[in-house]
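Here is a quick walk through one chain, from its core out to its surface. Have a look at the sequence and the structure, then read on.

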Amino acid sequence: MSIIALLMSIAVPRYFHSTDKAREAVLKQNLAQMRDAIDKFYGDRGRYPDALDDLVSKKYLRKIPPDPITDSPLTWVTAAPEVAGIGNVFDVRSGAPGTALDGSKYGDW
């Protein structure tokens with residue numbers, strides 16, 4: 001029993017570390033995908049979308065991906081362009097609280 005307990009004490013922390021690492025990889029991919037869709041929207045229409053839902057309604061994305069840290073598609077934080085009148089969504093960031101494994105804040109990605 002002590003051997004099994006020892007092996008579990010080694011394996012469990014590595015498992016949780018790898019799941020956190022996978023969530024962060026998915027977050028980076030989701031951000032890249034949405035930013036690419038925003039850029040394509042701007043390239044095609046000459047303006048930025050008014051909301052993330054415009055990317056779905058205009059078929060740039062099938063659906064708004066969930067933030068893997070919060071497990072919700074509603075926690076994305078959008079940034080408006082500096083020039084007014086050309087849309088409301090220039091960039092998107094995670095609304096997840098906390099810091100990543102590398103020490104940076106999720107909201108800074």
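What follows takes the core, the aromatic pairs, the salt bridges and a surface patch in turn.

## What kind of model this is

Keep in mind that this is a predicted model. Side-chain atom pairs count only at pLDDT 80 or more, and local features need at least 70.

## The nonpolar core

Let's start inside. In soluble globular proteins, nonpolar side chains tend to be buried together. Here the largest nonpolar core has 19 residues, and the members that touch the most others are Leu52, Leu55, Trp76 and Val92. Helices H1 and H2 (52–57) each put in at least two residues. H1 gives the largest share, with six.

Leu55 is a good place to zoom in. Which residues does Leu55 contact, once neighbours within four places in sequence are left aside? Met34, Ala37, Ile38 and Phe41 are on the list, along with Pro49, Tyr60 and Leu61.

Trp76 turns up again in the surroundings of a polar residue, Asn30. This asparagine sits in helix H1 and, with a relative accessibility of 10%, counts as buried. Setting aside neighbours within four places in sequence, Asn30 contacts Trp76 plus three prolines: Pro65, Pro66 and Pro68.

## Aromatic pairs

Searching the whole structure turns up four aromatic pairs. Take Phe41 and Tyr60: the ring centres are 5.3 Å apart and the planes meet at 55°, so this pair is tilted. Phe41 belongs to helix H1, while Tyr60 is in the loop between H2 and strand E1 (77–79), so the pair links distant parts of the chain, 19 residues apart. Phe41 and Tyr60 are both buried, and both are on the contact list of Leu55.

Another pair is Tyr48 with Phe90, and this one is edge-to-face, with 5.3 Å from centre to centre and 85° between the planes. Why does this pair tie together parts that are 42 residues apart in sequence? Because Tyr48 lies in the loop between H1 and H2, whereas Phe90 lies in the loop between E1 and strand E2 (91–93). As for exposure, Tyr48 is buried at a relative accessible area of 10%, but Phe90 comes out as partly exposed at 42%. Ring pairs also bring in Tyr42, making a cluster of Tyr42, Tyr48 and Phe90.

## Salt bridges

On to the charges. Side chains of opposite charge can pair when their charged atoms come close. The whole structure holds five salt bridges.

One of them crosses between elements: Asp91 pairs with Arg35, and their closest N and O atoms are 2.8 Å apart. Asp91 is in strand E2 and Arg35 in helix H1, so 56 residues separate these partners and the bridge links distant parts of the chain. Is Asp91 buried or exposed? With 14% relative accessibility, Asp91 counts as buried, since the cut-off for buried is under 20%. Arg35 is partly exposed, at 25%.

Two of the bridges sit within helix H1. Asp36 and Lys40 meet at 3.2 Å, N to O, and they are four residues apart in H1, which means about one helical turn between them. Both are partly exposed, Asp36 with 36% relative accessibility and Lys40 with a relative accessible area of 47%. Through shared partners, salt bridges also join Arg35, Asp91 and Arg93 into one network.

The other H1 bridge runs between Arg23 and Asp20, where the closest N and O atoms are 3.8 Å apart. These two are three residues apart in H1, so again about one helical turn lies between them. Arg23 is partly exposed at 41% relative accessibility, and Asp20 is partly exposed too, at 32%.

## A nonpolar patch on the surface

Finally, the outside. Which residues make the nonpolar surface patch of about 570 Å²? Met1, Ile4, Met8, Val12 and Phe16 do.

Met1 lies in the segment before helix H1 (2–45). At 84% relative accessibility, Met1 counts as exposed, because the cut-off for exposed is over 50%.

Definitions and conventions: Residues are numbered from 1 along each chain as its sequence is written. Side-chain values use heavy atoms; hydrogens and water are left out. Patches are made of residues with over 30% relative accessible area and no salt bridge: like charges are joined within 9 Å, nonpolar side chains (Val, Leu, Ile, Met, Phe, Trp, Tyr) within 5 Å. Accessible areas come from the Shrake-Rupley method with a 1.4 Å probe; for residues, only the protein chains shown count as cover. A salt bridge is a side-chain nitrogen of Lys or Arg within 4 Å of a carboxyl oxygen of Asp or Glu. Buried means under 20% relative accessible area, exposed over 50%, partly exposed in between (1.4 Å probe, protein chains only). A nonpolar core is a set of buried Ala, Val, Leu, Ile, Met, Phe, Trp, Tyr and Cys residues joined through side-chain atoms within 4.5 Å. Contact means heavy atoms within 4.5 Å. Rings of Phe, Tyr and Trp (its six-membered ring) pair if their centres lie within 6.5 Å; planes under 30 degrees apart count as stacked, over 60 as edge-to-face and the rest as tilted.
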